[in-house]
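Here's a chance to get to know a new structure by working through a few exercises. Have a go at each task before you read its solution.

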Amino acid sequence: MRVALILATMVLAACTRSGQPDLSAYSPEPGLTRLCNNPALLGQVLDDVSEGACGIDNPVAVRYVAGVRLSTPATLNCRTANTLADWVENDAQNAVKKLRSRISEMTVFTSYACRSRNSQPGARMSEHALGNAIDIGVFTLANGVDLSVENDWRDNGKKGQAIRALHGSACGPFGTVLGPNSDRFHYNHFHLDTAAYRSGSYCR
Ligand SMILES: [Zn+2]
């Protein structure tokens with residue numbers, strides 16, 4: 001009863017003078033808004049990015065994805081942000097179920113970056129340069145357990161199973177999924193991007 005009273009007081013306090021509830025009062029952090037018309041995405045709307053061959057139209061800085069906090073806001077286009085939200089909600093949380101917890105934070109290594117693939121001179125433009133890609137190195141669960149691509153990929157127990165299941169679950173929602181089995185550049189993170197391949201998803 002007392003809790004209900006406190007909650008009612010909070011709701012009233014969150015109403016603006018016009019009588020409309022001020023939804024920003026429920027944001028987990030101040031200054032965040034809904035992104036890409038998707039209630040699962042919270043963060044900030046950014047100005048268009050344009051640097052030579054790199055850039056993003058209507059970019060967003062994503063802070064929360066389906067309730068999961070990102071360690072650093074990820075600058076992405078809406079197509080990629082929406083794909084990330086769908087994957088976290090429908091696939092990634094399922095992949096860690098055996099650990100009897102849920103993903104609460106993801107450590108972002110890179111999102112938008114104006115560079116070539118793997119930063120190699122002469123290589124093709126990276127999907128990161130178009131806001132189509134995100135690199136994730138660690139999945140932190142609500143119970144405090146860290147699932148790290150670098151430390152747990154070859155683990156024989158439940159943590160290894162979960163991190164490999166996360167990699168597998170991203171294949172399909174994302175057009176390209178790269179992990180430690182792909183090349184030496186991906187020993188410590190998953191690269192996820194929304195580039196479309198004629199032959200379907202490319203996952204290694
Ligand atoms: Zn990457």
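The exercises below look at a metal site and some charged pairs in this predicted model.

**Exercise 1.** Work out which protein atoms are the donors of the zinc ion, and what their angles say about the arrangement.

*Solution.* Start with the atoms: His128 gives NE2, Asp135 is listed twice with OD, and His191 gives ND1, at 2.0 to 2.7 Å from the zinc ion. Next, check the angles. To count as tetrahedral, four donors need all angles between 85 and 135 degrees. Here the angles run from 52 to 157°, so the arrangement is irregular.

**Exercise 2.** Find where histidine 128 and histidine 191 sit along the chain, and decide whether histidine 128 is buried or exposed.

*Solution.* The donor residues follow the spacing H-x6-D-x55-H. Histidine 128 is in the loop between strands S7 and S8, while histidine 191 belongs to strand S11, so the pair ties together parts 63 residues apart in sequence. Now for accessibility: buried means under 20%. Histidine 128 has 2%, so it's buried; histidine 191, at 8%, is buried too.

**Exercise 3.** Trace the network of salt bridges that includes Glu29.

*Solution.* Begin at arginine 63, which pairs with glutamate 29 at 3.5 Å between the closest N and O atoms. Glutamate 29 also bridges to arginine 69, this time at 3.0 Å. That pair links a loop between H1 and S1 with strand S6, 40 residues apart. From arginine 69, step on to glutamate 105, at 3.5 Å. This last pair joins strands S6 and S7. Put together, Glu29, Arg63, Arg69 and Glu105 form the network.

Conventions. Residues are numbered from 1 along each chain as its sequence is written. This is a predicted model: local features need pLDDT of at least 70, side-chain atom pairs count only at pLDDT 80 or more; totals for chains, interfaces and linings use all residues. Side-chain values use heavy atoms; hydrogens and water are left out. Donors are N, O and S atoms within 2.8 Å of the metal (3.2 Å for Na, K and Ca); water is not among the atoms, so sites may look incomplete. Four donors count as tetrahedral if all angles lie between 85 and 135 degrees; four count as square planar and six as octahedral if opposite donors are over 155 degrees apart and all others between 65 and 115; anything else is irregular. Helices (H or I, at least four residues) and strands (E, at least two) are DSSP runs, numbered from the N terminus. Buried means under 20% relative accessible area, exposed over 50%, partly exposed in between (1.4 Å probe, protein chains only). A salt bridge is a side-chain nitrogen of Lys or Arg within 4 Å of a carboxyl oxygen of Asp or Glu.
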